[in-house]
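Biologist: I should like to learn how to read the features of a model such as this one. Please take me through it step by step.

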Amino acid sequence: MTLDWSWVSDHTGDLTTLTLSHLQAALTAVFFGLLISLPLAVIAHRIRPLRGFLLGVSNVLFTIPSIAIFVLLLPISGLTRTTTVIGLTIYTLVVLLRNTVEGLDSVPAKTKEAAKAMGTRPLRALLTVELPLALPVIMAGVRIATVMSISLVSVATYIGDGGLGQLFTDGFQRDFPTPVIAGVALTILLALVADALLVAVQYVLTPWTRRRA
């Protein structure tokens, strides 16, 4: 299996467009996954009887095959990017919700008691004490969810989307391996770059972990 470099040079514009489309779908899903999982995680952390239910629901959703989710969403959102984003968002919830709950659980009880003793209101304590201290665990979930979303975007090719996944379909249909190799390479590169950037973001946002180290 060889790579036709002339094909790559002739399709640089298309590869760039597909790569950006792929990345946009993945990052949008992670963004909405965070918006949904953060409040649910706070509820699961504060109201223990709901923890098992919320985590259980996210686990059940994660077991649904990705193609099945996209097919089930078709009558609602049709053959659109919205279907792709909704499907990917559902998959991010199991990682983001669990890691956020575990991150909040990892905050020392003495730290929360000290914030309460200083007269810090619950919401302010959550935003200024608990979530910042939980950030390393939350960011670990964000990294996993991001890489997972980047890998799953290609599945949306079956509904007419899929970003770099379109290269796989094109290559298989024409029995031409170059688009497939290019799609795989760019997907892996996207995942590596996105993960490295998230590590850098975490490094900047958590200076206290560096001092402790």
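Biologist: How far apart do the end C-alpha atoms of residues 133–160 lie, and how much of the span is helix?

Modeller: First, the ground rules. This is a predicted model, in which local features need pLDDT of at least 70 and side-chain atom pairs count only at pLDDT 80 or more, while totals for chains, interfaces and linings use all residues. Residues are numbered from 1 along each chain as its sequence is written, and side-chain values use heavy atoms, with hydrogens and water left out. Helices are DSSP runs of H or I, at least four residues, and strands are runs of E, at least two, numbered from the N terminus. In residues 133–160 the end C-alpha atoms lie 42 Å apart, with 71% helix and 0% strand.

Biologist: Is T84 in helix 5 buried or exposed?

Modeller: Buried means under 20% relative accessible area, exposed over 50%, and partly exposed in between (1.4 Å probe, protein chains only). T84 has 0% relative accessibility, so T84 is buried. Helix 5 covers residues 81–105.

Biologist: Which residues does T84 contact, beyond its neighbours within four places in sequence?

Modeller: Contact means heavy atoms within 4.5 Å. T84 touches A25, F70, A156, I159 and D161, neighbours within four places in sequence being left aside.

Biologist: What is unusual about the phi of D175?

Modeller: Most residues other than glycine have a negative phi. D175 is not a glycine, yet has a positive phi of about 55°. This residue sits in the loop between helix 8 and helix 9, and D175 is exposed, at 71% relative accessible area.
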